[in-house]
Amino acid sequence: MPPHNVIQTPESRGIPQAEEFHKRIPLTNRKMSTEAPTIPLLTPYKMGKFNLSHRLVLAPLTRMKSYNNVPQPHALLYYSQRTSKGGLLISEATGVSDTAQGYPHTPGIWTKEQVEAWKPILNAVHAKGGIFFCQIWHCGRVSNQDFQPNGQAPISSTDKPLTSHDNGEQFTPPRRLRTDEISLVVNDFRLAARNAIEAGFDGVEIHGAHGYLIDQFLKDQVNDRTDEYGGSLENRCRFAIEVVEAVSNEIGADRVGIRLSPFANYAECEDSNPEALGLHMAESLNRYSILYCHVVEPRMKTLGEKTECPQSLVPMRNAFNNTFLVAGGYDREDGSKAVVENRTDLVVYGRLFLANPDLPRRFELNAPLNKYNRDTFYSPGSIIGYTDYPFLETTT
Ligand SMILES: Cc1cc2nc3c(=O)[nH]c(=O)nc-3n(C[C@H](O)[C@H](O)[C@H](O)COP(=O)(O)O)c2cc1C
């Protein structure tokens, strides 16, 4: 999750010219196998109507470079760099409405201008044979009034505020949604999905993870409602399921995925029984036959680092009928192992893909990887660490 206290000073200085995109670093002196045995991650997979040529997926990665919530031309370069023929990409979290934001310069998909700005990005990804899903989100209480229309309070399942953190993040106490308002937010997700398809996305991923609005309904340590959206497991999952249903009815369940993180505790959003929550969601989703369920590993309980833990996503994987995606701390070896052991269909890579635009090729060749630079994950005013990570030299 990006920090809230970043400076909002977009500037075009430092944006690389198109020819820099084609720069390649030489492989001289690198230890690399010349043989390229097929690893399980690089075997094809049919996800509904989409023929994937391999099982590596670009994770949704917020980069905060969409000035005034409008995707910029540099995003075209960024995403097309990470596109491979038959590869699946998931976009950075993209706001469903003007109340959805919690960070500066995150893209949206609720205005015509935003839809138009996404189109050339989609064209570039499709021209290279990629399959591109839009992650649609609402931050809920992980926000402050500066991001809200008319300086109003952010909305949530609750009126319990997040505590401010030492690093200077500021959150405005949220306003609890009235029961009769919830269908309006569901409708925002529906319209955002419609807009995503209009922009050219192949489908949408509903962001139900990481402590944002949907997760604020799912988790019992946050959701303190007494209406039909709070209390029992079924009630807490109701909002998420209504979003899934509305979006599926709008664009077709065969173009809908969802991301969940039942085990995570980001943004003070934790559940007392994540196993039951995950299983209940997996089983409930089957009623709608959505395309995929994408789940963050329990080992990513806290942001950024993996810690080994006894919990596993296997019960959710077994309960869910369609394509299963896992994310969180994967490398070449344990990603392959997860596929071989049938613990997942696809493996989602975040930081490694951020720093290695040609990650599938590097995995194929077992080539060394660029190291990611945390300092440049979220710097809105600069594209350093965005489109300038080097590719392997073209050897063919
Ligand atoms: C810079 C950055 C931005 C992220 N933005 C998002 C986001 O927009 N949506 C989301 O669901 N997860 C987001 N995440 C989490 C990643 O999708 C992923 O789950 C996480 O990095 C763990 O995977 P990894 O170990 O392969 O990096 C972000 C992570 C990073 C490092």
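His-105 lies in the loop between β6 (94-95) and α3 (112-127). In this predicted model, the phi of His-105 is near 55 degrees, a positive value in a residue other than glycine. Most residues other than glycine have a negative phi. The relative accessibility of His-105 is 8%. The cut-off for a buried residue is under 20%, so His-105 counts as buried.

Asn-69 also has a positive phi, near 70 degrees, and is likewise not a glycine. Asn-69 sits in the loop between β4 (56-58) and α2 (73-81). Its relative accessibility is 18%. Asn-69 therefore counts as buried, because the limit is under 20%.

The protein chain as a whole contains 11 helices and 15 strands. It has 396 residues, of which 59% count as buried. Its accessible surface comes to about 15,800 Å². Carbon and sulfur atoms account for 50% of that surface. Contacts with a separation of 6 or more were also examined. Of these, 74% join residues 24 or more positions apart.

Helix α6 covers residues 233-251, a run of 19 residues. From its first C-alpha to its last, α6 reaches 27 Å. This is close to the 27 Å expected at 1.5 Å a residue. The helix nevertheless bends, by about 40 degrees, at Phe-239. Phe-239 is one of the buried residues of α6. Others in this set include Asn-235, Arg-236, Cys-237, Ala-240, Val-243, Val-244, Val-247 and Ile-251. An α-helix has 3.6 residues a turn, so residues three or four places apart point the same way. The buried residues of α6 pack against three helices and two strands, namely α4 (182-199), α5 (213-218), α7 (274-285), β10 (203-208) and β11 (256-260). After α6 comes Gly-252, with a positive phi near 95 degrees.

Met-316 belongs to helix α8. Its relative accessibility is 3%, and Met-316 therefore counts as buried. Which residues are in contact with Met-316, leaving aside its neighbours within four places in sequence? They are Leu-260, Pro-262, Gly-278, Leu-279, Ala-282, Cys-293, Val-295 and Phe-324. Leu-279 is 37 residues from Met-316 in sequence. In space, the two are 5.3 Å apart, C-alpha to C-alpha.

Arg-299 is found in the loop between β12 (292-296) and α8 (314-319). Its relative accessible area is 9%. Arg-299 is therefore buried, because that value falls under 20%. A polar atom of the Arg-299 side chain lies 3.5 Å from the backbone oxygen of Gly-329.

Gly-329 is also among the residues around the ligand. There are 17 such residues, and Pro-60, Thr-62, Arg-259, Gly-329 and Arg-351 come nearest. Oxygen atoms of the ligand have polar partners in both backbone and side chain. For Pro-60, a backbone N or O atom lies 2.8 Å from a ligand oxygen. For Gly-350, a backbone N or O atom is likewise 2.8 Å from an oxygen atom of the ligand. Arg-259 takes part through its side chain, where an N or O atom is 2.7 Å from a ligand oxygen. Taken alone, the ligand exposes 610 Å², and the protein buries 93% of that.

Note on methods
Residues numbered from 1 in each chain as written. Predicted model: local features only at pLDDT ≥ 70, side-chain atom pairs only at ≥ 80, totals over all residues. Heavy atoms only, no water. Helix = DSSP H or I, 4+ residues; strand = E, 2+ residues; numbered from the N terminus. Expected span 1.5 Å × (residues − 1). Bend = angle between axes of the 7 residues up to and from the residue. Buried < 20%, exposed > 50% of the residue type's maximum accessible area, 1.4 Å probe, protein only. Contact = heavy atoms within 4.5 Å. Polar contact = N/O pair within 3.5 Å; in protein donor to acceptor, adjacent residues only side chain to side chain. Near = heavy atom within 4 Å. Areas by Shrake-Rupley, 256 points an atom, 1.4 Å probe, with all protein chains shown as cover.
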